[in-house]
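Reader: I'm new to this and I'd like to learn how to read a protein model. Could you walk me through one?

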Amino acid sequence: MSLSLQARKLACERDDRWLFEDLDLDIRAGEIVRIEGPNGSGKTTLLKILSGQLADYQGELYWNGAPMREARQAFLESLLYLGHAPGVKAALTPLENLAWYQALAGSRSNEAARLAALESVGLVGFEDVPAGQLSAGQQRRVALARLELTPRPLWVLDEPFTAIDRDGVAALEERLVIHARAGGCVLVTTHHELRDTAELRRIRLGRGGQQHARH
Amino acid sequence: MWAFINKLRSPKWFYAIGARLQPFFWVAAATLILVGTVWGLAFAPADYQQGNSFRIIYVHVPSAFLAQSIFVSMAVCGLVYMVWKIKVADMAAAMMAPLGAAMTFVSLFSGAVWGVPTWGTWWMWDARLTSMLILLFLYLGVIALRGAFTSRDSASRAASVLAMVGVINIPIIKYSVDWWYTLHQPATFTITGRVAMPTEMWAPLLIMVLGFYSFFIALTLMRTRSEILRRESSKRWVRDLAAEER
Amino acid sequence: MPGTNAPSPATESRTPVEATGEPGAGLAVALWATLKRDLVLLMRRRSEVLNPLVFFALVITLFPIGISPDPELLATIAPGLLWVAALLAALLSLDSLFRGDYDDGSLEQLLLTPQPLSMLALAKVAVHWLLTGLPLALMAPVLGIMLSLPAGSYLTLAVSLALGTASLSLIGAIGAALTVGLSRGGVLLSLLVLPLYIPVLIFGAGAVQAAILGDGVAAHLAILGALLALALMLAPWAMAASLRISING
């Protein structure tokens, strides 16, 4: 399986401030791409653009060679995005939360798959506890269970290690490598220092807060 | 068409073309409003029913026209901004909103003043006045929404969407208010009833309307140009311009 | 629970695959799940459902106290009072329509599903109407009795409110979507939305008036239906556009 996400001359201007300019990216299957940069350098904005949330950019994006504007549907069907906030409803149990995500992804309800996904993130015994009673780290794990629940080739993860304990971090890191080796692709921002592996590649964004004069 | 749209993309181009057009509209506005005022106040005949008090029409009607037109132009600018991402359109829309609200207020105020001799009261729930009051609230909503965002790009988009939603609703609001008014059949007559007006009366009115429109265009050009300078102050062409001035 | 979080062999061997399934079925599944989720969420926090109803009853109680307990006077102003109070009660719960999803990040996920955002937002509005507009419409006749609303107009009151509040939910959802990213959007939301509510109020209260006077109410209800059709056509688009703006604010 092959996938490719390309950016050509990508630039983003927010409120007359250029977050980045002339960015060329080639992201292929089998890679873990870590986006680095100081606070305010536009990491989250870049992830939002690359995950198709933000259409407010200049330059072109290509998904598997086709312009993003045409390939958006196919792109969204291959994407799994986890943002800053876990997207977990406090009043619903982990199982119910996952049931909604399963349906949003377009697959039929399958309780066995949801239980397996919760097991993979170490939430056995918490399936029917309202998520509001779980710790922040456990809520994050509910969100991470979607990695197992909804098999998608492209993962875009914004600070996925937040609030997770050391064992969980190690397991997630390993999961990312396994995903990349299986032909998937991971785009990630994190303050956590990732282990150097053959799959890991770093993209550094320029200094934040810089104002460029431009016509 | 495309060449024109692409030119509009450049605030610099708009700044230059605005400088050339602006004096023409200022002169037109001053002349027309002066002629219309003198003609309307001194030479037009008095109304057989309302006497001289009808002369407030020369402020009331042009401001009411303008109030509605500005909302429509604001929505058109919003559409242009959303579809073609032309920033000048948004700057113009942002500059139009307070002027539109002011014109709505002027038309409401002149209507209230006119109400004293005709109805014997400052306020009557007349169909037109009610529609105007709702329009004022719509303007205030757009202005408040634009002011509520910290990111200017988001503020621009939100205000554009709201202006477009508003402009779809304005005719619906207008017709429903008219219908509501006729249903309740009040005993008074509308102040700007559809009575045929003699030429000596409507000619100065037409001149005043044209004068108000010229004033609106001139003021919007002027304010949009200064907004361009403010928003583009970090760009090279504005810095060069400032250096020349010095 | 140390040691349990390593990927299990079953999931390890599973390679990423493309999502399958025909698009139409996917949309139906997603819509149904969203409806169900929001219903469950609101049923678990029942006070959010009850608050608008209590507010409605409370506002109606204020009028006889503030104006006069005279049944004749109350009867003349009852249609307008009931409609205005119901409209304000429906407005009250709008602010929370997208707020929860915005705060916990579900809204971002809603934006990134392969399903159209406008349809999913419409499902959320449908839940809002089911648990706010419809109960208000069912409750209004009881409050009508308290305001000595003339007999023969009770059914029209309920039907006009049921139709009208659907439009109100749709129009209000645009305002809620525009203000969801703002920390203090509540008052602003009312300012944006109330002027747009006026046509619905005119024809809704008009329908009840007509029923009292013995005129035909079909025309009023037809116009309310037309307003609802128009709102159904345009509001989903405006909601989706507004949510996209708010999520990037």
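**Reading the contacts**

Author: Let's start where two chains meet: chain A and chain C share 10 residue pairs in polar contact, both residues at pLDDT 80 or more. Keep in mind that this is a predicted model.

Reader: Which parts of chain A supply the side that touches chain C?

Author: At least two residues each come from α2, β6, α3 (94-104), α4 (111-120), α5 (136-149) and α6 of chain A. The largest share, 6 residues, is from α6(A). By type, the side of chain A that touches chain C divides into 22 nonpolar, 15 polar and 14 charged residues.

Reader: How do people give the size of an interface?

Author: Often as the accessible area that is lost when the parts come together. Here, chain A and chain C bury about 4,100 Å² between them, with 56% of it on carbon and sulfur atoms. Lys89(A), Trp100(A) and Leu104(A) supply 18% of the area that chain A buries against chain C, more than any other three residues. In residue counts, the contact takes 51 from chain A and 43 from chain C.

Reader: How many salt bridges are there between chain A and chain C?

Author: The count is 3. In one of them, Lys89(A) pairs with Asp104(C), and the closest N and O atoms are 2.8 Å apart.

Reader: And what does the interface of chain B and chain A look like in numbers?

Author: There, 12 residues of chain B are in contact with 8 residues of chain A. The buried area is about 1,000 Å², and carbon and sulfur atoms give 31% of it. Asp153(B), Lys235(B) and Arg236(B) supply 39% of what chain B buries against chain A, more than any other three residues. The count of salt bridges between these chains is 3; one of them joins Asp56(A) to Arg157(B), with the closest N and O atoms 3.2 Å apart.

Reader: Which helices of chain B each supply at least two residues of the side that touches chain A?

Author: They are α6 (152-184) and α8 (236-245) of chain B. With 4 residues, α6(B) gives the most. Sorted by type, the side of chain B that touches chain A has 1 nonpolar, 3 polar and 8 charged residues.

Reader: Where do the partners sit in the salt bridge between Lys235(B) and Glu13(A)?

Author: This pair crosses between chains: Lys235(B) is in the loop between α7 (199-231) and α8 of chain B, and Glu13(A) is in strand β1 of chain A. Their closest N and O atoms are 3.9 Å apart.

Reader: Why does Lys235(B) count as buried?

Author: The cut-off for buried is under 20% relative accessible area. Lys235(B) counts as buried because its relative accessibility is 8%. Glu13(A) is buried too, at 10%.

Reader: Can we try a salt bridge inside one chain? How far apart in sequence are Arg201(A) and Glu31(A)?

Author: They are 170 residues apart, with Arg201(A) in strand β9 (residues 200-204) and Glu31(A) in strand β3 (residues 31-36) of chain A. Their side chains meet at 2.7 Å, N to O. Arg201(A) is partly exposed at 29%, whereas Glu31(A) is buried at 11%.

Reader: What about Glu227(B) and Arg230(B), where do they lie?

Author: Both are in helix α7 of chain B, 3 residues apart, which is about one turn of the helix. Their salt bridge has an N to O distance of 3.1 Å. Glu227(B) is buried at 8% relative accessibility, but Arg230(B) is exposed at 53%.

Reader: Now a helix: which residues of α2 (residues 68-77) in chain A are buried?

Author: Met68(A), Ala71(A), Phe75(A) and Leu76(A). Looking down the axis of α2(A), you'd find these buried residues within an arc of 150°, so they line one face of the helix. The elements that cover them include β1 (4-14), α1 (43-50), β4, β5, β6 (79-82) and β7 of chain A.

Reader: One last stop: is Ser160(C) buried or exposed?

Author: Buried, with 0% relative accessibility. Ser160(C) lies in helix α8 (residues 154-179) of chain C, and a polar atom of its side chain is 3.0 Å from the backbone oxygen of Leu157(C). Beyond its neighbours within four places in sequence, Ser160(C) is in contact with Trp83(C), Gly204(C), Ala207(C), Val208(C), Leu221(C) and Leu224(C).

Methods. Residues are numbered from 1 along each chain as its sequence is written. Chains are lettered from A and ligands numbered from 1 in the order in which they are written. This is a predicted model: local features need pLDDT of at least 70, side-chain atom pairs count only at pLDDT 80 or more; totals for chains, interfaces and linings use all residues. Side-chain values use heavy atoms; hydrogens and water are left out. Contact means heavy atoms within 4.5 Å. Buried area is the accessible area (1.4 Å probe) that two parts lose on being put together, summed over both. A salt bridge is a side-chain nitrogen of Lys or Arg within 4 Å of a carboxyl oxygen of Asp or Glu. Ala, Val, Leu, Ile, Met, Phe, Trp, Tyr, Cys and Pro count as nonpolar, Asp, Glu, Lys and Arg as charged, and the others, Gly among them, as polar. Buried means under 20% relative accessible area, exposed over 50%, partly exposed in between (1.4 Å probe, protein chains only). The arc is that of the directions from the helix axis to the C-beta atoms. A polar contact is a pair of N or O atoms within 3.5 Å; within protein, one must be able to donate a hydrogen and the other to accept it, and residues adjacent in sequence count only if both atoms are side-chain atoms.
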